[in-house]
Amino acid sequence: MISRAESAAATRRALLDAAAGLLDRGGLEAVTLRAVGAEAGVTRGAPYRHFPDKESLLIAIGTQAWDRLGDLTRDLRADPALPAAEKLRAGVIALIDIGRSQPHLYKLMFSNPSSDPTALARAAEPSQAEFLAIVADLVGEQDARRYAALLISAANGVADMEASGQLPNEKWGEVRAEDLIDTLVTMIAGTGRNS
């Protein structure tokens, strides 16, 4: 027999999964507490017991996404078989891959919810700390923040270019996102200490 706490946790997971699916399929507009409850197959009031409003639900979805990216980045960093430059490349491509496969989630991750404008920035901190450590392993602590910010900015730009159909494009010589990130990582690794 499952406990009340286990049941509540399972309901919360089901609501988050349902909300993430609705977000993927229809964007922010598709995510309503009523639609999430229906998608999850729970009672009409269940979403409201777990989330006071849509924005708190969206913050939870964004937080989960940052947690998953943080886990992946931590695993990359801990992999002794990967050179520092390859860890860096894989971390940036992982972020771009979210933009590719889940563009609405990607946009949500970098948003500033009106009820708590720093909620998702706080959720991103563990992932960003792991990423900073990977960058520091390549270029040193002194330059890590500057290069990490450059890489995240580049990832956002590349993801936006892909989403708008500008990559790959004849205008840019059919260059792909991976090609751009390889170029940037190679340039940064050339300035680093452990390429």
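Let me begin with a term: a residue is called buried when its relative accessible area is under 20%, exposed when that area is over 50%, and partly exposed in between, using a 1.4 Å probe and protein chains only. By that rule Trp66, at 4% relative accessibility, counts as buried.

Before going further, I should state that this is a predicted model, in which local features need pLDDT of at least 70 and side-chain atom pairs count only at pLDDT 80 or more, while totals for chains, interfaces and linings use all residues. Residues are numbered from 1 along each chain as its sequence is written, and side-chain values use heavy atoms, with hydrogens and water left out.

I turn to the overall picture. The protein has nine helices and zero strands. Here helices are DSSP runs of H or I with at least four residues, strands are runs of E with at least two, and the numbering starts from the N terminus. Along the sequence the pattern reads α-α-α-α-α-α-α-α-α. Taken along the principal axes, the C-alpha atoms fill a box of roughly 55 × 40 × 30 Å. Of the 195 residues, 39% are buried. A contact means heavy atoms within 4.5 Å. Among contacts with a separation of 6 or more, 67% are between residues 24 or more positions apart.

Let us return to Trp66 and the aromatic rings. A pair of aromatic rings is described by the distance of the centres and the angle of the planes. Rings of Phe, Tyr and Trp, the last by its six-membered ring, pair if their centres lie within 6.5 Å; planes under 30 degrees apart count as stacked, over 60 as edge-to-face, and the rest as tilted. How many aromatic pairs does a search of the whole structure find? The search finds two. One joins Trp66 and Phe110 edge-to-face, with 5.3 Å centre to centre and 75 degrees between the planes. Trp66 lies in helix α4 (residues 54-78) and Phe110 in the loop between α6 (103-109) and α7 (119-139), so this pair ties together parts that are 44 residues apart in sequence. Phe110 is partly exposed, with a relative accessible area of 31%. Tyr106 and Phe110 form a tilted pair, at 5.2 Å centre to centre and 50 degrees between the planes. Tyr106, at 6% relative accessibility, counts as buried. Ring pairs thus link Trp66, Tyr106 and Phe110 into a cluster.

The next topic is the packing of two helices. Helix α5 (residues 84-101) and helix α8 (residues 141-163) pack at an angle of about 35 degrees, and their axes are 9 Å apart. Axes are lines fitted to C-alpha atoms, for helices over the stretch in contact, and angles run from 0 to 180 degrees between N-to-C directions. The crossing of α5 past α8 is right-handed; a crossing has that name if the near helix is turned clockwise from the far one by less than a right angle, and is left-handed if anticlockwise. Which residues meet there? From α5 come Leu88, Val92, Leu95, Ile96 and Arg100, and from α8 come Leu151, Ile152, Ala155, Val158 and Glu162. These residues divide into eight nonpolar, no polar and two charged. In that count Ala, Val, Leu, Ile, Met, Phe, Trp, Tyr, Cys and Pro are nonpolar, Asp, Glu, Lys and Arg are charged, and the others, Gly among them, are polar.

Arg100 appears again in the surroundings of Glu178. Glu178 is found in helix α9 (residues 177-191). Is Glu178 buried or exposed? Glu178 is buried, with a relative accessible area of 14%. Leaving aside neighbours within four places in sequence, Glu178 is in contact with Arg89, Ile93 and Arg100.

Helix α8 also holds Glu141, which at 66% relative accessibility counts as exposed. The C-alpha atoms of Glu141 and His104, 37 residues apart along the chain, are separated by 33 Å. Leu132 lies in helix α7. Apart from neighbours within four places in sequence, Leu132 is in contact with Ala144, Arg145 and Ala148.

I close with the loop between α8 and α9, where Pro168 has its place. A cis peptide bond joins Leu167 and Pro168, with omega about -20 degrees. Glu174 is in the loop between α8 and α9 as well. Although not a glycine, Glu174 has a positive phi of about 60 degrees. At 46% relative accessibility, Glu174 counts as partly exposed.
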